[in-house]
Structures are given as structure tokens and as C-alpha cells.
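Please open the model in a viewer and keep the sequence panel visible beside it. The tour below proceeds by selection, and each stop states what is to be found there.

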Amino acid sequence: MLNTGIVSNCWNFYLQNGVKLRELVAHAADLQMRDIEFRQGSLGDLEPSHTTTHLDAFQDIAQAHYHCRFDYAMSFPFFGGRFDSSACDIQLGREIASALGNGDAHLRLVDISSDSDTAEVNLDQTTRCLAELADDLHNDGVRLSIEHSFQKWDLFFQAFMQSRERSNSRNLWLCFDPANFSLANEAERIAEVVASLDKSLVSMLHVKQANAGVIETELCEGEVNWPDVVRQFHGDAYAGPMMFEFISSPEVERVTIESMQKWHYWIAEALETN
């Protein structure tokens, strides 16, 4: 938790104004960030497609910053019905994750299209398919994480745990994002879930702020009590990546520096408390 990281959608303002992804990664590395998530739709000049994958470019970036950990994140409707690892989007995601992996390939999926009703109807199918995908990716040396989004937490976590237990490899991990509880209209549950969650299941922690279902452009006051989250995760010996994921704006450089300062302050407070 001492190291900071970032998700590439924080850079959308720069990417939309022609700044190259390579330059932004280099700047993040200069800021001593050690975890960088390449988010589908936020990769600028290197946005991949099935015809132009940019695999060589991704591998070059990862090798040039071998001291950083990279993962590839993409939207995929895993609550939407039957799927398997032969799906074209999954195949592309696996290839990109492998190119970025530096020996530790990591693919993250998030379902931003299925509501809780759809997820509940397809729950058994989802758990079966996620378990199979986790095992298939394990055979290829790729870790699989899924992130909660608009779905109710209890439903999502049930699917996550059942999928993990159903898989032979247990190659399924949790991307935890407290601010996303606001998107699911469950912000009042953040403290409870943070306190009870088994942190050993968490592969990455996304750090942003939300108010009434709106994600903020910086780590301001809001529904996530970040000092408390940091204390809880530090107290439970979480040692995985954390990544800022605020909404991009023209103030992204200032927000990034101030977010790093806040994070280090909260870590220092947690060290004193524990």
C-alpha cells in the first residue's frame, strides 16, 4: 500500500488532447507510481482493436518500465449470459494482458451493462462461466480479477465467491472499489463491507471519491471515508496495488500530486494507529 498507482482513464484529458500513452506512463513512473492499469477506451494512440492490437507497443512499454506492474482492464458483460474464453473480446484481453505482464499477466473485467435483476437471473450461468474462464486463463498464466459496479454488492459477491470456489485454480480475484457502492445506491454499506471483507481476496484497490452516484474529479469529501479504508486495509496487512481512478479533468496533474500527498498522509496515520 505504500506504492501508489493509477488507471489510465485518469489521463483522458491528456489523451484526448494528443498526448501519447507512452509519455503518460513515463511521467507516472517518474512520480514513483508502481502500478498502472491500462483501461479499455482510455489508451489514446494505442487503443487496441481486433485488427490493430498494438501488442508490440504494449510489450515495449512494459519492458521499458520493468519496475512497474501493469494490468489490462476491459468492460465485459459477465452477468449477461453464457460466455467462454473463446469470445473475441476475451481473447484480445488475454493477449494484451500477456503483452503487458512482464511475467505477471493480469486481466480485469467489469460488467457495466447488466443490472442487478439481470445478474440475479443469470447467476448460476455466470458462476459457471467465470469459473471456467478463470481456469482457462490460469493455464495461460493470466490472473483474472472482476470488479463490482452497478450490481448490488451481496449479489456480486455471491457470484464472485461461488465462481472462485467452483474453479479448480482459484484464479479469480476481486478488484475492490468503495466508491462504486455509490453507483449501486449502497453507499451506506461501505464501512461495513470494508471492515468485514477478507483482504486476501483483493487483487487491487481503486481509489476515487463519489457523492450521490457521481464520481468526483478529485479525492474530496464524500461517501468514502478514505482514512478509515486505509486503516482497515493496512491493519489487515493488504499489500496489493492501489490505483487512483478519479474522473479526468484539466486539473489532472494537480489532482494527481495532491492525491499522492493525501494517500501518503493516510498511510502515515495508519502506521501510527496500528
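Begin by selecting helix α2 (residues 21-30) together with helix α3 (residues 55-64); in this predicted model, their axes come within 11 Å and cross at roughly 20 degrees. An angle under 35 degrees counts as roughly parallel, and α2 and α3 are therefore roughly parallel to each other. The crossing in which α2 passes α3 is right-handed. To see the contact itself, display the side chains of L21, R22 and V25 on α2, and those of A57, F58, D60 and I61 on α3.

Keep α3 selected and add helix α4 (residues 88-100). Here the packing angle is about 30 degrees, and the axes are 7 Å apart. The helices α3 and α4 are therefore also described as roughly parallel to each other. On the α3 side the contact is formed by L55, F58, Q59 and A62, and on the α4 side by E95, I96, A99 and L100. F58 thus belongs to the contact with α4 and also to the contact with α2.

Next, select strand β5 (residues 142-147). Is this strand enclosed or open to the outside? Five of its six residues are buried, so β5 is largely enclosed by the rest of the structure. Add strand β4 (residues 105-110), which runs parallel to β5 and is joined to it by six bridges. Within this pairing, L109 has I146 of β5 as its bridge partner. Then add strand β6 (residues 173-176), which pairs with β5 in the parallel sense over three bridges. I146 stands opposite L174 of β6. Follow the chain onward from β5: it passes through helix α7 (residues 153-166) before reaching β6, and this β-α-β crossover is right-handed.

Stay with α7 and bring in helix α6 (residues 123-139). Their axes lie 8 Å apart and the helices pack at an angle of about 45 degrees, which makes α6 oblique to α7. The crossing of this pair is right-handed. From α6, the contact involves L123, D124, T126, T127, R128, L130 and A131; from α7, it involves L155, Q158, A159, Q162, S163 and R166.

Move along the chain to R170, which lies in the loop between α7 and β6. Although R170 is not a glycine, its phi is positive, at about 55 degrees. Its relative accessible area is 36%, so this residue is partly exposed.

On the other side of β6, select D177, placed in the loop between β6 and α8. D177 has a relative accessible area of 0% and is therefore buried. Which residues does D177 contact, leaving aside its neighbours within four places in sequence? They are E147, H148, H206, K208 and E245.

Continue to E186, in the loop between α8 (180-183) and α9 (190-196). Its relative accessibility is 9%, so E186 counts as buried. Not counting residues up to four places away in sequence, E186 touches K152, W153 and F181. For a sense of scale, draw a distance from its C-alpha atom to that of T217: the two residues are 31 apart along the chain, and the separation is 20 Å.

Now select helix α10 (residues 226-235), where W226, D228, V229, V230 and F233 are buried. The cover over these buried residues includes β6, α9, β7 (202-207) and α11 (252-273). Just after α10 comes A237, in the loop between α10 and β10 (242-244). A237 is a residue other than glycine with a positive phi, near 65 degrees. With a relative accessible area of 62%, A237 is exposed.

For the last stop, select Y14 in helix α1 (residues 12-16). Apart from neighbours within four places in sequence, Y14 is in contact with V19, L24, V252 and E253. Finally, draw a distance between the C-alpha atoms of Y14 and N211, which are 197 residues apart in sequence and 25 Å apart in space.

Notes
Residues are numbered from 1 along each chain as its sequence is written. This is a predicted model: local features need pLDDT of at least 70, side-chain atom pairs count only at pLDDT 80 or more; totals for chains, interfaces and linings use all residues. Side-chain values use heavy atoms; hydrogens and water are left out. Buried means under 20% relative accessible area, exposed over 50%, partly exposed in between (1.4 Å probe, protein chains only). Helices (H or I, at least four residues) and strands (E, at least two) are DSSP runs, numbered from the N terminus. Two strands pair if DSSP finds at least two bridges between them. A crossover is right-handed if, with the strands pointing away from the viewer, the path from the first strand over the helix to the second runs clockwise. Axes are lines fitted to C-alpha atoms, for helices over the stretch in contact, and angles run from 0 to 180 degrees between N-to-C directions. Angles under 35 degrees count as roughly parallel, over 145 as roughly antiparallel, 65 to 115 as roughly perpendicular and the rest as oblique. A crossing is left-handed if the near helix is turned anticlockwise from the far one by less than a right angle, and right-handed if clockwise. Contact means heavy atoms within 4.5 Å.
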